[in-house]
Structures are given as C-alpha cells and as structure tokens.
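Subject: A structure to look through

Dear colleague,

I am passing on a structure that I would like you to open and look at slowly. Please keep it on screen while you read, and check each point as you come to it.

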Amino acid sequence: MKIEVIRQRRKTVCLKMINADLAELRVPKTYSDKKIQEFLDEKRKWLESKSKVFKENEDFSHKFDLGNSVYLFGKEVDKFNRVIIGFDDLSKKAKRVAIRKYYEAQFSMLEEIAKDLSSRTGLTYDKIRPINSIRVWGNYSSARVMKLNWKLLLLPKNLVEYVVCHELCHSKHMNHKPQFWNAVGKICPNYKFLRNELKKYGFLLKSDTED
Ligand SMILES: [Zn+2]
C-alpha cells in the first residue's frame, strides 16, 4: 500500500483511505518523519482493514457490466443491445443517455414500491419524481415531494425498500436526528445492516455522469 504524505499548514493529523492501495496522510508542516512512522505503525491494523473493504467493494463492483447489461432489482435481466435498437452503434455518451432513459421509463416500478410502503406505514408524500444524481439515492423535501434516483431500479429490492422507508420517515422528521432513526427502526428493524449493504452499491451512484 502506498501512503502519500502531505505536509501543510494544519494542526491535526488526518489519515484517509483513497482506494485499496493508496492512503493519504495530512500532517502539520513541522511533523517529523519519526512521528509519521509512529502514527502509521499505530494505524496499521486500521489501514489493513480499510484496504480490505475497499478491495472487496472494488471486486464487487466489477461483477456488474453496467454499460452492456440491464439490471433490475439486483439481477441481470437482459442486454441493452437487445432492448434498445442500434445500441451498439451509439457513442459512449449516447449510450449513457440511452441507459438512463431506459431505466427512467421503468420508474413506475419504484412508484409501486413507494405506494405500497406508504400505505403499509401510513407515511405519505404528495408527489414522487425520478432524479438523476451521483450523490443521493433519494430525498424528501419540505414540499412533501419524494425524489427517487432511477438507479434504485438496479438495487436488490430490500435495499430499495430501505431507501424508500428512509425517505418516507422524512415526512415526519426533516433531519437525521435520533428520533428519525427511531422511526426508521420501527418500520425497518434491520436498517443498520441495509444501510451498510447500500454502501457497497455506492459505485452505481457514481457510475454514469453524462456531463
Ligand atoms: Zn435522509
């Protein structure tokens, strides 16, 4: 593993994992090499376990062929060249647009899940909209509009349900304070596990930037 040491004007030491093979260590300008070595020795176990998680997540993401295969609820269901006419001849950028449009056309599947969970939990929304975001799976505004990322369609259903439950709970709590998580726990008891699972799919969020 490579560790990039950055000396800069700061008071604290900050160690951050960039990927499975690279970490970044930011230290005050006056920090000695010896101190750096001591700090890294202390953090060795942490670095190893973080690196392992990064590696596992990278391996996991490589199982998905997002540019060629259609995934619905965690399963490969088809190939884009079979469901989109002329797909193979499109430019890389046009492919990404076509893929997004294809999934957005299936948004009613997410609406169904939202409707069902809303009636089961009594938590409601006024409007529901698809979003194309590289940062969030969904959001719920004070205007009671629930926005769901079309990329949710690719996730296993239990994770989609977790995200929808999470957003529905924002109808009662517009924050992430303990009361909010209590509400989530009531309708989704294993939310902590699901939240961790969802992190594995973070690569999907970042996978398609059209601009
Ligand atoms: Zn939230």
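Which residue in β8 is the bridge partner of N139? Before answering, please bear in mind that what you have is a predicted model. The partner is K147, and this pair is a good place to enter the sheet.

The sheet

The sheet is open and has 3 strands in the order β6-β8-β7, with mixed pairing. Its edge strands are β6 and β7, each of which pairs on one side only, and neighbouring strands are turned against each other by 15 degrees on average when direction is ignored. The two pairings can be followed one at a time. Strand β6, residues 127–131, runs parallel to strand β8, residues 145–149, and 5 bridges join them; within that pairing, I131 has N149 of β8 as its bridge partner. Strand β7, residues 138–140, runs antiparallel to β8 and is joined to it by 3 bridges, and here Y140 stands opposite M146 in β8. The hairpin of β7 and β8 has 4 residues between the strands, and in it R144 takes a positive phi near 65 degrees.

Helix α6 and the core

If you now turn to the largest nonpolar core, you will find that it has 30 residues, of which L152, L159, V160, V163, V164 and C165 touch the most other members. At least two residues of this core come from each of α4 (92–104), α5, β8, α6 (157–169) and α7 (178–187), and α6 gives the most, with 8 residues.

Helix α6 therefore deserves a closer look, since 10 of its 13 residues are buried and the helix is largely enclosed by the rest of the structure. Among the buried ones are Y162, H166 and E167, and the buried residues of α6 pack against α5, β7, β8, α7 and α8 (191–200). From its first C-alpha to its last, α6 reaches 18 Å, close to the 18 Å expected at 1.5 Å a residue.

Two residues of this helix are worth selecting in turn. Leaving out residues up to four places away in sequence, L159 touches L194, E197, L198 and Y201. With the neighbours within four places in sequence set aside in the same manner, Y162 is in contact with C188, Y191, L194 and L198. Is Y162 buried or exposed? Y162 is buried, because 23 other C-beta atoms lie within 10 Å, and a residue needs 20 or more to be called buried. The C-alpha atoms of Y162 and M146 are separated by 14 Å, and the two residues are 16 apart along the chain.

An exposed residue, and the domains

For a contrast, please find D116, which lies in helix α5, residues 107–121. D116 counts as exposed because it has 12 C-beta neighbours inside 10 Å, and a residue with 12 or fewer is placed in that class. The C-alpha atoms of D116 and R96 are separated by 30 Å, with their positions 20 residues apart along the chain.

Finally, the domain assignment of the protein chain gives domain 1, covering 2–61, and domain 2, covering 69–206. The C-alpha centres of domain 1 and domain 2 lie 33 Å apart.

With best wishes

Notes. Residues numbered from 1 in each chain as written. Predicted model: local features only at pLDDT ≥ 70, side-chain atom pairs only at ≥ 80, totals over all residues. Pairing = 2+ DSSP bridges. Domains from an automatic or database assignment. Axes fitted to C-alpha atoms, helices over the stretch in contact; angles between N-to-C directions. Core = buried A, V, L, I, M, F, W, Y, C linked by C-beta atoms within 7 Å. Contact = placed C-beta atoms within 7 Å. Expected span 1.5 Å × (residues − 1).
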